[in-house]
Amino acid sequence: MSLFKSIKSYGTWAKVLKSCWAIITTKTAAEVRDHLASVMDYDDGLFVVKSCGLGAWRNLDPSVSDWLKKNL
């Protein structure tokens, strides 16, 4: 399975920027990291963080902005 398909397998996700994704999951950051690491290429990087529900952004696609408003 590809990295993008693995990210999308979490069900509730948004591609926030070109290489920045947000997902909703009950898994821990370490569990997500380990799952995605299994499908990463050698030159891929990964940063997983749990959101506290607060955020601010600018110049995002309106559909992404709506997703963030709904899911943060």
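**Exercise 1. Two strands side by side**

Which residue in β2 does Ala14 stand opposite? Find the partner, then describe how the two strands are joined.

*Solution.* Keep in mind that this is a predicted model.
- Step 1: Look across from Ala14, and you meet Ala22 in β2.
- Step 2: Place the strands along the chain: β1 covers residues 12-17 and β2 covers 20-24.
- Step 3: Check how they run. β1 and β2 are antiparallel, with five bridges joining them.
- Step 4: Follow the chain from β1 into β2, and you pass through a hairpin of two residues.

A helpful rule for looking at strands: side chains in a regular strand alternate between the two faces of the sheet.

**Exercise 2. A serine in the first helix**

Is Ser6 buried or exposed? Work it out, then list what Ser6 touches.

*Solution.*
- Step 1: Locate Ser6 in helix α1, which spans residues 3-8.
- Step 2: Buried means a relative accessible area under 20%. Ser6 has a relative accessibility of 1%, so Ser6 counts as buried.
- Step 3: Leave out residues up to four places away in sequence; Ser6 then touches Met1, His35, Leu36 and Val39.

**Exercise 3. A serine in the third helix**

Which side chain makes a polar contact with the side chain of Ser65? Describe the surroundings of Ser65 as well.

*Solution.*
- Step 1: Find Ser65 in helix α3, which covers residues 62-71.
- Step 2: Apply the cut-off again. The relative accessibility of Ser65 is 12%, so Ser65 is buried too.
- Step 3: The partner is the side chain of Trp57, at 2.9 Å.
- Step 4: Now compare sequence and space. Ser65 and Val16 are separated by 49 residues in sequence, while their C-alpha atoms lie 8.4 Å apart.

**Exercise 4. The largest pocket**

What is the volume of the largest pocket? Once you have that value, explore the lining.

*Solution.*
- Step 1: The volume of the largest pocket is about 1100 Å³.
- Step 2: The lining has 36 residues, and those closest to the centre of the pocket are Trp21, Ala22, Ile23, Phe47 and Val49.
- Step 3: Sort the lining by class, and you get 24 nonpolar, nine polar and three charged residues.
- Step 4: Trace the lining back to the elements. α1, β1, β2, α2 (29-37) and α3 each supply at least two residues, and β2 gives the largest share, with five.

Terms used: Residues numbered from 1 in each chain as written. Predicted model: local features only at pLDDT ≥ 70, side-chain atom pairs only at ≥ 80, totals over all residues. Heavy atoms only, no water. Helix = DSSP H or I, 4+ residues; strand = E, 2+ residues; numbered from the N terminus. Buried < 20%, exposed > 50% of the residue type's maximum accessible area, 1.4 Å probe, protein only. Contact = heavy atoms within 4.5 Å. 1 Å grid on protein atoms, 1.4 Å probe; cavity = no way out; pocket = protein on both sides within 12 Å on 5 of 7 lines; lining within 4 Å. Points joined across faces, edges and corners; volume = space filled by probe spheres on them. Nonpolar A, V, L, I, M, F, W, Y, C, P; charged D, E, K, R; others polar. Pairing = 2+ DSSP bridges. Polar contact = N/O pair within 3.5 Å; in protein donor to acceptor, adjacent residues only side chain to side chain.
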